[in-house]
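Let's walk through this structure together, starting from one spot on the surface and working from there. Keep the viewer open as you read.

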Amino acid sequence: MLACLVLLAAMPAARATDLRVGQPAPAITLDTLDGQHISLDELRGKTVILTFWATWCEPCREELPLLSRYAQEHEKDGLVVLGFSLDTPDTLPEVKRIAATLNFPVGLLGDAHVPGYGRIWRLPVSFVIDSRGFLVHDGWKEKTPEMTRARLESVVTPLLERNSP
């Protein structure tokens, strides 16, 4: 047991710099506002967008409706969007108000340090994972990280078309 703890302590922590497009996406679980737990692993076979946002982030408030419409349009194509809010519990009523307008599950992140994705310091930021669980879009690499309709069409839509029978 002690040897395992020493080995774990010696292992480097996964950081955002460890993200590699074309490699397996780091595991993550969304604890939704309604008490569900949705893990990336259980979404294998679907295309997933992980989006990190906050109620106080103006670009996020512009991006969320776009992602919501896109999620609704492509749910039948195997798309899942998971929304991680960086808000604190004291702003939960505002988070719930915004979440009620969205067509995808939302939860409070709880800690801005996300294993494998790094410290979430720039908002909004999104990551796209293909149906095999591989990272295909790393939001940290974008000068303007907001998801746009054009970015969704160029990055996500081709993945959805590949998943179609």
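A good place to begin is K141, which is exposed because its relative accessible area is 59%, over the 50% cut-off. Bear in mind that you are looking at a predicted model. K141 forms a salt bridge with D138, and their closest N and O atoms lie 3.9 Å apart. The partner sits in another setting: D138 has a relative accessible area of 4%, so it counts as buried.

That pair is part of a wider set, since the structure holds eight salt bridges. Take K76 and D77, whose closest N and O atoms are also 3.9 Å apart. Here K76 is exposed, at 70% relative accessible area, while D77 is partly exposed at 24%. For a pair within a helix, turn to α4, where E153 and R149 lie four residues apart, about one turn of the helix. Their side chains meet in a salt bridge with an N to O distance of 3.7 Å. Both ends are partly exposed, E153 at 35% and R149 at 33%. Elsewhere, salt bridges with shared partners link R61, E94 and R97 into one network.

Now step back to the overall layout. The protein chain has four helices and nine strands, and along the sequence they follow the pattern α-β-β-β-α-β-α-β-β-β-β-β-α. Of the 165 residues, 47% are buried. Among contacts with a separation of 6 or more, 68% are between residues 24 or more positions apart. On the outside, the accessible surface comes to about 9000 Å², with 58% of it belonging to carbon and sulfur atoms.

Moving inward, the largest nonpolar core has 49 residues, and those with the most contacts inside it include L50, F52 and I120. Elements that each supply at least two residues of this core include β3 (47-53), β4 (79-85) and α4 (149-163). The largest share, six residues, comes from α2. To see the packing up close, select F52: leaving aside residues up to four places away in sequence, F52 touches I28, F84, L86, L109, V114, I120, L123, P124, V125 and F127.

Finally, look for the one disulfide in the structure. C57 and C60 are joined with an S to S distance of 2.3 Å. The torsion about their S-S bond is about 80°, so the disulfide is right-handed. Both cysteines count as buried, C57 at 5% relative accessibility and C60 at 0%.

Definitions and conventions: Residues are numbered from 1 along each chain as its sequence is written. Side-chain values use heavy atoms; hydrogens and water are left out. A nonpolar core is a set of buried Ala, Val, Leu, Ile, Met, Phe, Trp, Tyr and Cys residues joined through side-chain atoms within 4.5 Å. Buried means under 20% relative accessible area, exposed over 50%, partly exposed in between (1.4 Å probe, protein chains only). Contact means heavy atoms within 4.5 Å. A disulfide is a pair of cysteine sulfur atoms within 2.5 Å. Accessible areas come from the Shrake-Rupley method with a 1.4 Å probe; for residues, only the protein chains shown count as cover. A salt bridge is a side-chain nitrogen of Lys or Arg within 4 Å of a carboxyl oxygen of Asp or Glu.
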